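Could you walk me through this fold in the viewer? I would like to know what to select, and in what order.

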Amino acid sequence: MWPPGSALQPAPSPAAATGLHPAARPVSLHCRPSMCPARSLLLVATLVLLDCLSLARNLPVATPGPGMFPCLHHSQTLLRAVSSMLQKARQTLKFYPCTSEEIDHEDITKDKTSTVEACLPLELTKNGSCLASRKTSFMMALCLSSIYEDLKMYQVEFKAMNAKLLMDPKRQIFLDQNMLAVIDKLMQDLNFNSETVPQKSSLEEPDFYRTKTKLCILLHAFRIRAVTIDRVMSYLNAS
């Protein structure tokens, strides 16, 4: 026994201070990381996830503006225009093979341009405007020139096809002039000097069924290429 009031007397335990039996004491919800690693890892993972979600919500969205990379705005407009034209074709030509599952996919640029290979993101470098800088890398120049050639080939095909569609007595469908105009604007942005491809005139009577089927094929292929072009321009804008 310790004398009452002695400095050597041990301090009363938390249970004695609260009057609770040891078994009835509340259990602490805190512990050292070394003693509860699973709980610590769960806490860290939760914090990281919340941080990532917060970051994703705050990521900037590219919208047209005065300081935007000049080709990006037109590439975004082109993607919207060709997507709208493709949707219109599927709805209007519902009795034609015009869905992705029905058509025979064809790439008119195959073996003629190298857009997919030349436009790998690791090969591209920062550039303020389309080929405006002399420091532009060779691979980026090749990428943008390939995009220009793609646009030129599709432009020629679409214009020739539209001329045939205008001759159709049913006047069922025509090319969207906005889509043709934005192709021309993007080509002007790229600012390449290239030989003009003459349009081929045919003396044969146009096969309108075949022309409309070919229209669906070209629109599907061109939309895929428009997605690639938009991603390249978005990459350059973000560089």
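Start with the whole chain in cartoon view: this predicted model has seven helices and zero strands. Follow the sequence from its beginning and the pattern reads α-α-α-α-α-α-α. Now colour by burial; 33% of the 239 residues count as buried. If you draw a contact map, look away from the diagonal: among contacts between residues at least 6 apart in sequence, 81% join residues at least 24 apart.

Next, select helix 3 (residues 70-92) together with helix 6 (residues 177-190). Their axes lie 9 Å apart, at an angle of about 155°. Angles over 145 degrees count as roughly antiparallel, so that is how helix 3 and helix 6 run relative to each other. The crossing of helix 3 past helix 6 is left-handed. To see what fills the contact, show side chains: helix 3 contributes Pro-70, Cys-71, His-74, Ser-75, Thr-77, Leu-78, Ala-81, Val-82 and Met-85. From helix 6 come Met-179, Val-182, Ile-183, Lys-185, Leu-186, Asp-189 and Leu-190.

Keep helix 3 on screen and add helix 7 (residues 208-238), then pick out Asp-230 within helix 7. Is Asp-230 buried or exposed? Asp-230 is buried, yet has no salt bridge. Try a distance label to Arg-231, the nearest side chain of opposite charge: the separation is 6.6 Å, while a salt bridge needs atoms within 4 Å.

What does Asp-230 touch, leaving aside its neighbours within four places in sequence? Select Leu-72, Ser-75, Gln-76 and Leu-79, which are in contact with Asp-230. You have already met Ser-75, on the helix 3 side of the contact with helix 6.

Definitions and conventions. Residues numbered from 1 in each chain as written. Predicted model: local features only at pLDDT ≥ 70, side-chain atom pairs only at ≥ 80, totals over all residues. Heavy atoms only, no water. Helix = DSSP H or I, 4+ residues; strand = E, 2+ residues; numbered from the N terminus. Buried < 20%, exposed > 50% of the residue type's maximum accessible area, 1.4 Å probe, protein only. Lys, Arg positive; Asp, Glu negative; His and termini not counted. Contact = heavy atoms within 4.5 Å. Axes fitted to C-alpha atoms, helices over the stretch in contact; angles between N-to-C directions. Parallel < 35°, antiparallel > 145°, perpendicular 65-115°, else oblique. Left-handed = near helix turned anticlockwise from the far one by under 90°.
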